[in-house]
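Colleague: Got a minute to walk me through this one? I'd like to start with the fold and then poke at some odd spots.
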Amino acid sequence: MNLTELTITQAHNGLKNKEFSSVDLTKTYLGKIKKTDKELNAFLSVTEELALSQAEAADKKINSGNFGELTGIPCAIKDAILVEGQKCTAASKILENYVAPYDATVIQKLKKEGAVILGKTNTDEFTMGSSTENSAFGVTKNPYDKTRVAGGSSGGSAAAVAADEACYALGSDTGGSIRQPASLCGVVGLCPTYGSVSRYGLIAHASSLDQIGPLTKNVEDAKIVFEAISGKDKMDATSTDYKFEEAKVELKGLKIGVPKEYFAKGIDKEVEKIIKNSIKKAQDQGAKIEEISLPSSEYALACYYIIGPAEISANLARFDGIKYGLSVDGKDLLGVYLKSKGHGFGAEVKRRIMIGTYVLSSGYYDAYYKKAQEVRQFIRQDFAKAFEKVDLIFCPVSPFPAFKIGEKADDPISMYLADIYTIPMKLAGLPGLSLPVGKIGELPVGLQIIGNHFQENKILSVASHIEKIR
Amino acid sequence: MISKEEVKHIAKLARLELTEKEVEKMQKNLSAILDYFNLLKNVPAIKIEKSASGKASAWREDETRPKEAGLAEKLIAAAPDKKDDYIKVKAIL
């Protein structure tokens with residue numbers, strides 16, 4: 001039996017039946033990381049000491065008989081989520097030596113479950129990007145083709161799960177950062193409804209969009225992790241009193257909406273074929289397919305790249321060289337600010353701070369920021385109308401499979417287009433899941449399943465059916 | 001195309017030091033991105049229904065939250081420049 005290939009449920013059963021211990025499992029993963037991660041670069045740091053002490057504690061818990069599905073199961077955490085006492089860099093030079101002073105709420109919850117944390121995974125700097133090429137510490141390679149990107153920003157988390165370097169991982173999604181790398185690496189990625197998982201302890205990118213979620217080997221595992229990390233947290237005022245309840249939704253009679261705008265232009269023909277084939281299979285099982293229209297779609301990307309950067313320009317003002325992180329001396333206080341940010345931030349982060357500052361600056365606010373907020377309402381309304389008619393929406397995650405490292409690195413707009421199908425529902429705060437449904441040669445392709453607010457249960461139930469017939 | 005002066009002005013507002021080379025690249029990138037935003041001028045006039053807006057603001061009690069002992073020390077320890085329990089900042093006046 002290859003321990004690193006097991007799903008959460010399989011590993012849990014192995015632990016329960018005493019086929020192996022959590023220490024065995026953890027050591028196997030640590031060995032695997034040592035062997036394969038030099039080339040892949042999914043991990044920014046490996047927390048070996050923490051992992052082994054957690055595994056020992058988990059084994060005690062297991063021996064006592066009182067333990068849950070995540071007890072003793074090794075996971076990887078995106079390096080934008082704080083784990084107390086461990087470095088948290090957000091893949092930025094400005095936080096290169098920053099040690100997290102406390103646990104994020106999701107980490108507190110996982111620790112309570114007895115989870116084992118193997119390490120922190122690579123991301124685009126401050127989670128801004130679609131390929132991890134914006135990481136200050138090197139790109140993560142796609143396990144299926146090492147000349148290609150793993151996607152981003154949670155590319156390290158996706159690659160770690162795909163390459164069996166972790167049983168599951170946490171990522172975060174602001175415009176597609178869980179679903180897109182999941183699609184490119186052939187794993188399951190769930191971006192939960194805005195408000196269903198606490199953001200406390202997630203380094204802020206754009207606060208009205210950021211959301212933490214799981215990347216896993218299958219749908220069942222995504223459900224287990226989501227259930228463990230979701231719920232109201234008084235440290236995050238936007239978190240909602242929400243309790244996951246399992247739903248059993250059959251494909252027969254299910255109304256699936258397929259937005260025509262998502263197949264209009266720019267989509268790779270092979271991706272389109274795989275997604276349409278998947279939709280056809282659902283139809284063969286009795287689902288009713290309805291073409292729907294989301295006319296706001298074409299404005300979503302522009303809307304996102306105004307609202308996101310506006311929030312970034314405010315959120316990243318905190319990196320001032322005074323409270324924590326890199327500090328570069330200047331002749332006065334302003335000099336410290338200018339130099340610390342100038343030296344600490346990478347090109348994409350600077351670009352977004354500049355866009356955000358521009359659209360919020362005097363004279364431009366109405367034309368850009370206010371307009372974008374109106375468009376965001378338009379988008380919400382579009383989805384609300386769609387969900388009056390259909391139960392779920394099926395569409396692609398990414399217009400293309402994993403692209404070559406460097407291919408889009410010099411052209412911000414062509415990189416931004418990688419998230420064209422993941423951004424619209426994000427602006428409406430909706431949940432979405434990426435499910436691997438096919439391959440172009442070696443390269444995985446994910447189907448996106450979008451649900452109405454807090455209908456993760458419906459998405460997961462339907463995804464588990466599709467998983468069986470793909 | 002936005003001017004170099006505009007780029008420098010925005011960078012100053014953002015407290016961001018940019019090299020001459022960065023200013024040039026930013027000028028090009030920002031102009032392309034702002035051009036792309038022109039798309040929003042085509043958004044049809046739409047009636048926004050109240051229900052389509054997001055969640056109402058949430059209120060909470062203004063209460064102290066007990067934190068573990070030692071957190072304050074850890075937060076201060078993270079500051080690059082400090083003296084005893086104080087974080088040092090350059091003189092403003």
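Colleague: In chain A, what share of the contacts between residues at least 6 apart in sequence join residues at least 24 apart?
Modeller: In this predicted model, 75% of those chain A contacts do.
Colleague: And how many helices and strands does chain A have?
Modeller: There are 15 helices and 13 strands in chain A.
Colleague: What radius of gyration does chain A have, and what would a compact globule give?
Modeller: Chain A comes out at 21 Å. A compact globule with 470 residues would be near 23 Å, so the value for chain A agrees with that. Along the principal axes, its C-alpha atoms fill a box of roughly 65 × 55 × 45 Å.
Colleague: How much of chain A is buried?
Modeller: Buried residues account for 61% of the 470 in chain A.
Colleague: OK, over to chain B. What's the order of helices and strands along the sequence?
Modeller: The pattern is α-α-α-β-β, that is, 3 helices and 2 strands.
Colleague: Is chain B compact or spread out?
Modeller: Chain B is more spread out than a compact globule, because its radius of gyration is 23 Å and the globule rule gives 12 Å for 93 residues. The box for its C-alpha atoms is roughly 55 × 50 × 25 Å along the principal axes. As for burial, 14% of the 93 residues in chain B are buried.
Colleague: How do α1 and α2 of chain B sit relative to each other, parallel or perpendicular?
Modeller: The axes of α1(B), residues 4-13, and α2(B), residues 20-37, cross at roughly 100 degrees and come within 9 Å. That angle falls in the 65 to 115 degree range, so α1(B) is roughly perpendicular to α2(B).
Colleague: Which residues make that contact?
Modeller: On α1(B) you have Lys4(B), Val7(B) and Lys8(B). On α2(B) they are Val23(B), Met26(B), Gln27(B) and Leu30(B). By class, the contact of α1(B) with α2(B) has 4 nonpolar, 1 polar and 2 charged residues.
Colleague: Now the interface. How many residues of each chain are in contact?
Modeller: 41 residues of chain A touch 37 residues of chain B.
Colleague: Which elements of chain A give two or more residues to that side?
Modeller: Those are α9 (297-315), α10 (333-344), α11 (347-360), α12 (366-389) and α13 (412-416) of chain A. The most comes from α12(A), with 8 residues.
Colleague: And what's the mix of residue classes on the chain A side?
Modeller: The side of chain A that touches chain B has 24 nonpolar, 9 polar and 8 charged residues.
Colleague: Let's look at α11(A). Is it mostly covered or exposed?
Modeller: Mostly covered, with 11 of the 14 residues in α11(A) buried. The buried set includes Lys350(A), Arg351(A) and Arg352(A), along with Ile353(A), Met354(A) and Ile355(A).
Colleague: What do the buried residues of α11(A) pack against?
Modeller: They pack against α9, α12 and α13 of chain A, and also against α1 and α2 of chain B.
Colleague: How far does α11(A) reach end to end?
Modeller: From first C-alpha to last, α11(A) reaches 20 Å, close to the 20 Å expected for its 14 residues at 1.5 Å a residue.
Colleague: Switching to backbone oddities. Where is there a cis peptide bond?
Modeller: The bond from Gly152(A) to Ser153(A) is cis, with omega near 10 degrees. Ser153(A) is in the loop between β5 (145-149) and α5 (155-162) of chain A.
Colleague: Why flag that, or a positive phi, at all?
Modeller: Because most peptide bonds are trans, and most residues other than glycine have a negative phi.
Colleague: Which non-glycine residues have a positive phi?
Modeller: Among them are Thr127(A), at about 65 degrees, and Thr132(A), near 60 degrees. Thr127(A) is in the loop between β3 (116-121) and β4 (141-142) of chain A, and Thr132(A) is in the loop between β3 and β4 of chain A too.
Colleague: Are those two buried or exposed?
Modeller: Thr127(A) is buried, with 28 C-beta neighbours inside 10 Å. Thr132(A) is buried as well, with 31 other C-beta atoms within 10 Å.
Colleague: Last one: is Asp284(A) buried or exposed?
Modeller: Asp284(A) counts as exposed, because it has 10 C-beta neighbours inside 10 Å. Asp284(A) lies in α8(A), residues 269-284.

Definitions and conventions. Residues numbered from 1 in each chain as written. Chains lettered and ligands numbered in written order. Predicted model: local features only at pLDDT ≥ 70, side-chain atom pairs only at ≥ 80, totals over all residues. Helix = DSSP H or I, 4+ residues; strand = E, 2+ residues; numbered from the N terminus. Rg over C-alpha atoms; globule rule 2.2 N^0.38 Å. Buried ≥ 20, exposed ≤ 12 C-beta atoms within 10 Å, placed from the backbone. Contact = placed C-beta atoms within 7 Å. Nonpolar A, V, L, I, M, F, W, Y, C, P; charged D, E, K, R; others polar. Axes fitted to C-alpha atoms, helices over the stretch in contact; angles between N-to-C directions. Parallel < 35°, antiparallel > 145°, perpendicular 65-115°, else oblique. Expected span 1.5 Å × (residues − 1).
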